[in-house]
Number of protein chains: 2
Amino acid sequence: MSLAFSRVLRSSKRPSAKWTFSLRTMSSGSTLSDINPSKLVVKRNENPKSLPPSSQLKFGHTFSDHMLTIPWTQESGWGTPQIQPYGPLSLEPSCTVLHYAQTIFEGMKAYKDPEGKIRMFRPDMNMKRMNTSAHRIALPQFDGTALFELIKELVRLDKNWIPTEPGHSLYVRPTLIGTQKAIGVGPPNEALLFVILSPAGPYYPEGFKPIALYGTTEFVRAAPGGTGAFKLGVNYAPGILPQKFAAKQGYAQNLWLHGPEHYLTEVGTMNLFIAFHKEGGGIELATPPLDGMILPGVTRDSVLTLAREHAAGVRPIPGLPKDLTVSERPVTMAEVKEASLTGKLAELFGAGTAAVISPVDRIGYQGEDVHIPTGKDGMGPVSRHIWTELIGRQTGAIPSDWSVVI
Amino acid sequence: MSLAFSRVLRSSKRPSAKWTFSLRTMSSGSTLSDINPSKLVVKRNENPKSLPPSSQLKFGHTFSDHMLTIPWTQESGWGTPQIQPYGPLSLEPSCTVLHYAQTIFEGMKAYKDPEGKIRMFRPDMNMKRMNTSAHRIALPQFDGTALFELIKELVRLDKNWIPTEPGHSLYVRPTLIGTQKAIGVGPPNEALLFVILSPAGPYYPEGFKPIALYGTTEFVRAAPGGTGAFKLGVNYAPGILPQKFAAKQGYAQNLWLHGPEHYLTEVGTMNLFIAFHKEGGGIELATPPLDGMILPGVTRDSVLTLAREHAAGVRPIPGLPKDLTVSERPVTMAEVKEASLTGKLAELFGAGTAAVISPVDRIGYQGEDVHIPTGKDGMGPVSRHIWTELIGRQTGAIPSDWSVVI
């Protein structure tokens, strides 16, 4: 039998202004409860399992002993947060998420640093984005700081589930679903936020292996006025068929091309960077701008920030070319192809939470392959050094205020 | 306690070729089970409820005593169909539908005709479309005839839930969700098909009330290469915020406009028809073509077929103008606005399973209202007569092979 008890959270820091969110999109005029970490109820798992050996970890298939749930209703707002044994949810067959895809999620990682402290990377970014996503799909918003306090509790409780081998981490998946028990299309009167934890090995267990992309024009991931800039469930399932289509032709992922100009947008479920050799030396690192079709990725922002701080001399990154220009600008396939043929293409890589950096070695485009240079280690002159800095900051090996000890 | 028993279905007609689907998109080489109605297990609800009075029926809020579930796994295909008491589903928090919006659905209606027979309308269309949808989102396909056999069993068992007042029906909602217990993005290794029933009153309980539309260019419902032509959950939740935005400005629904030309595409979650007075008399009934952005609606197809059969003299519809041209062609807002100003606009209406026909009386467009004529009964010269014919066929008052006695 489970023992229920509530506890006062260790941390009660006031949220920083930049990532506190109001309930302004909820029913106006009423005073609804926000997420309240002090009301947390913990029901411990009486039958805890053990972290499987690293070799058995397949991404997203293993889950820890506990999960966090927080219900929401239109009448009273956010209810009692509960940490409870990981297990099935009971959902009415009529509930909104099952019919109309009303779901949003985030992906975060927790690491154990060399001293055994637990670290998470830029959680404020995920909490902020989750609120932006919620608004886009008419789900309730919340105090991101409060949710993160609860996530910390969950991760601390299941800290034995954080693998400690290099490149390993505990993947943290907050999800928010519409659970209204009615099949009309509209804002829900009930929702459920839950957080589950999945221990994860390195994306490339045997070192970086560049992937081949299929330049996709038959299907779109996003369109102007659509949902591509938000982390909604709806952006993912429709990509599975195109991915199978790409795989059939020998490519690992889709390179989503937009419009008659074939603008590069994203890679599979990652943001995208292209590095060009500049005339007369140095490198330009380019990524598509946040034009409404591009997900504002945490890794994307981190790569841009690191590269810009390096370029400005604020914080040089060892090994990275001194002459580095950082651009958020549209890039077409014609430009990439031309750069590949003339030797001006330095590298091309995906960036996202799961894989961190994912180098690319070719793009299938209009019946032929565009070659992308990669180094012996599978990486290029920008990604190699950015990756080292990023991983160092994530794991705590390199001190940084991006890494939050929890 | 529930009593489980299997039964042989009354009907064992062979499926007609046109709506039988192979399992060709499932794992190749293996022989996987298709949906098999003869394996049906029925667990009767020991605590049946009663159909509430009509006045208490709010669309999609009340459900009947039973539901149908059919599980699927990658290893063995479709499993045992089960009719069981309506109640919550137990879903792992990791399952695909909750994170990546892997869900498709259909909307159908069952009627009791004047003789008390149960009728459904063009179910072959829904079964065919559900398979097309499944393929688009990497969910398993199935024998549509077999599923319909099981739906018939379910509806017959809950036949007391079919309201008999004029304009009432039992709304039938088949849904198929990805239930893989893992958070990687990919084809699922598990899925669940379920069917629930909801008694429904007329969409317009007090007669037709034309609605106002907001000509929407800030948001898109669909885009070329996207999923607009398929009945996927992902097409619905993203429309809620735009609908709230329209409502704030005093409009009931979005009129989804596409591209710089502002092509009319759909209305809210309905297909769209525009009727123009032709030069020299007669009427053109136009609807946007199935260009990949338009849902191939059953009501859309029925309106087109009825209008074409009338125009060709095959089966004249009383009251409908004799000189009728039926077009599937792109229509721009400029054309609608011009027609409104010059008196050439006859009417504009939405068409879908829930509302059947939904007349429109104005469109908010670029800061002003475009006026749409409607008759005293809220309908126009085409919709009035098409609606009468359609409802007659659906309810069995007008004999038609579209109406299937079950």
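In the predicted model, an area of about 4700 Å² is buried between chain A and chain B, and carbon and sulfur atoms give 68% of this area. The side of chain A that touches chain B draws on several elements of secondary structure. At least two residues each are supplied by strand 6 (89–91), helix 1 (96–100), strand 7 (103–105), helix 2 (123–136), strand 10 (169–178), strand 11 (190–200) and helix 4 (240–248) of chain A. Classified by residue type, this side of chain A comprises 34 nonpolar, 17 polar and 6 charged residues.

In terms of residue contacts, 57 residues of chain A are in contact with 57 residues of chain B. Between chain A and chain B, 18 residue pairs are in polar contact, with both residues of each pair at pLDDT 80 or more. By contrast, 0 salt bridges are found across the interface of the two chains.

Strand pairing also links the two chains. Strand 6 of chain A pairs with strand 6 (residues 89–91) of chain B in the antiparallel sense, over 3 bridges. Within this pairing, L91(B) in strand 6 of chain B stands opposite L89(A).

The relation between the copies was examined by superposition. A turn of 180° with a shift of 0.0 Å along the axis lays chain A on chain B with an RMSD of 0.0 Å. The two copies are therefore related as by a two-fold rotation axis. Of the interface residues of chain A, 100% are also interface residues in chain B, so the copies meet through the same surface.

Key
Residues numbered from 1 in each chain as written. Chains lettered and ligands numbered in written order. Predicted model: local features only at pLDDT ≥ 70, side-chain atom pairs only at ≥ 80, totals over all residues. Heavy atoms only, no water. Contact = heavy atoms within 4.5 Å. Buried area = accessible area lost by both parts, 1.4 Å probe. Salt bridge = Lys/Arg side-chain N within 4 Å of Asp/Glu carboxyl O. Polar contact = N/O pair within 3.5 Å; in protein donor to acceptor, adjacent residues only side chain to side chain. Helix = DSSP H or I, 4+ residues; strand = E, 2+ residues; numbered from the N terminus. Nonpolar A, V, L, I, M, F, W, Y, C, P; charged D, E, K, R; others polar. Pairing = 2+ DSSP bridges. Least-squares fit on C-alpha atoms with pLDDT ≥ 70 in both.
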